[in-house]
Amino acid sequence: MSTPLNRLSPLPVRERAACMCSEGGRCSSFAPGHALHLIQARIASATPAEWVDALVESADAVSGDLVVRTLDGDAHALWNGSGAALEAVAGTPVALHARYGVLAVGGTQFNVATI
């Protein structure tokens with residue numbers, strides 16, 4: 001006689017992956033704007049020609065919204081729920097990898113969503 005498999009329904013699995021960053025907890029989602037996934041960071045690093053230098057034009061630490069302007073003059077409205085707006089105040093030089101949604105502020109990288 002074999003032991004029945006203990007299968008989880010999709011509902012509890014989805015509930016466990018819910019993001020807690022809106023409640024001040026650690027972000028558990030890898031959706032755009034949430035936690036940076038290791039693979040996302042690695043593929044952004046593997047494509048160095050796609051990084052562009054930019055300056056933070058505005059940053060709202062409460063909402064997580066940022067606007068960065070590249071040196072070519074292109075503006076990018078971004079959102080991050082894990083503190084990028086706290087680290088990158090207006091005037092901060094940053095690097096943006098738009099293809100993979102990564103914002104580098106100094107040595108720290110953030111997953112960003114385009115808004």
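How much area does the chain expose, and what share of it do carbon and sulfur atoms supply? The chain exposes about 7300 Å², with 57% supplied by carbon and sulfur atoms; accessible areas come from the Shrake-Rupley method with a 1.4 Å probe, and for residues only the protein chains shown count as cover. This is a predicted model, in which local features need pLDDT of at least 70 and side-chain atom pairs count only at pLDDT 80 or more, whereas totals for chains, interfaces and linings use all residues. Residues are numbered from 1 along each chain as its sequence is written, and side-chain values use heavy atoms, with hydrogens and water left out.

**View 1. Secondary structure of the chain.** The chain holds 3 helices and 7 strands (DSSP runs numbered from the N terminus: helices are H or I of at least four residues, strands are E of at least two). Along the sequence these elements follow the pattern α-α-β-β-β-α-β-β-β-β.

**View 2. The open sheet and its edges.** The 7 strands of the sheet are ordered E6-E5-E4-E1-E2-E3-E7, with antiparallel pairing (two strands pair if DSSP finds at least two bridges between them). Strand E6 (108-111) and strand E7 (113-114) each have a single partner strand, so one side of each is left without a neighbour in the sheet. Helix H2 (residues 38-45) packs on the sheet and touches E4, strand E5 (102-105) and E6 (contact means heavy atoms within 4.5 Å). The direction of H2 makes about 115° with that of E6; axes are lines fitted to C-alpha atoms, for helices over the stretch in contact, and angles run from 0 to 180 degrees between N-to-C directions.

**View 3. Pairing of E1 with E4.** Strand E1 (residues 52-60) and strand E4 (residues 93-97) run antiparallel and are joined by 4 bridges. Val52 stands opposite Leu96 in E4.

**View 4. The largest nonpolar core.** This core has 14 residues, and Val68, Val94 and Leu103 have the most contacts inside it (a nonpolar core is a set of buried Ala, Val, Leu, Ile, Met, Phe, Trp, Tyr and Cys residues joined through side-chain atoms within 4.5 Å). E1, strand E2 (65-70), helix H3 (84-87), E4 and E5 each supply at least two of its residues.

**View 5. Surroundings of His97.** His97 lies in strand E4 and is buried, with a relative accessible area of 0% (buried means under 20% relative accessible area, with a 1.4 Å probe and protein chains only). Apart from neighbours within four places in sequence, His97 contacts Ala44, Thr47, Glu50, Trp51 and Val102. The His97 side chain reaches the backbone nitrogen of Tyr100 at 3.4 Å.

Conventions
Buried means under 20% relative accessible area, exposed over 50%, partly exposed in between (1.4 Å probe, protein chains only). A polar contact is a pair of N or O atoms within 3.5 Å; within protein, one must be able to donate a hydrogen and the other to accept it, and residues adjacent in sequence count only if both atoms are side-chain atoms.
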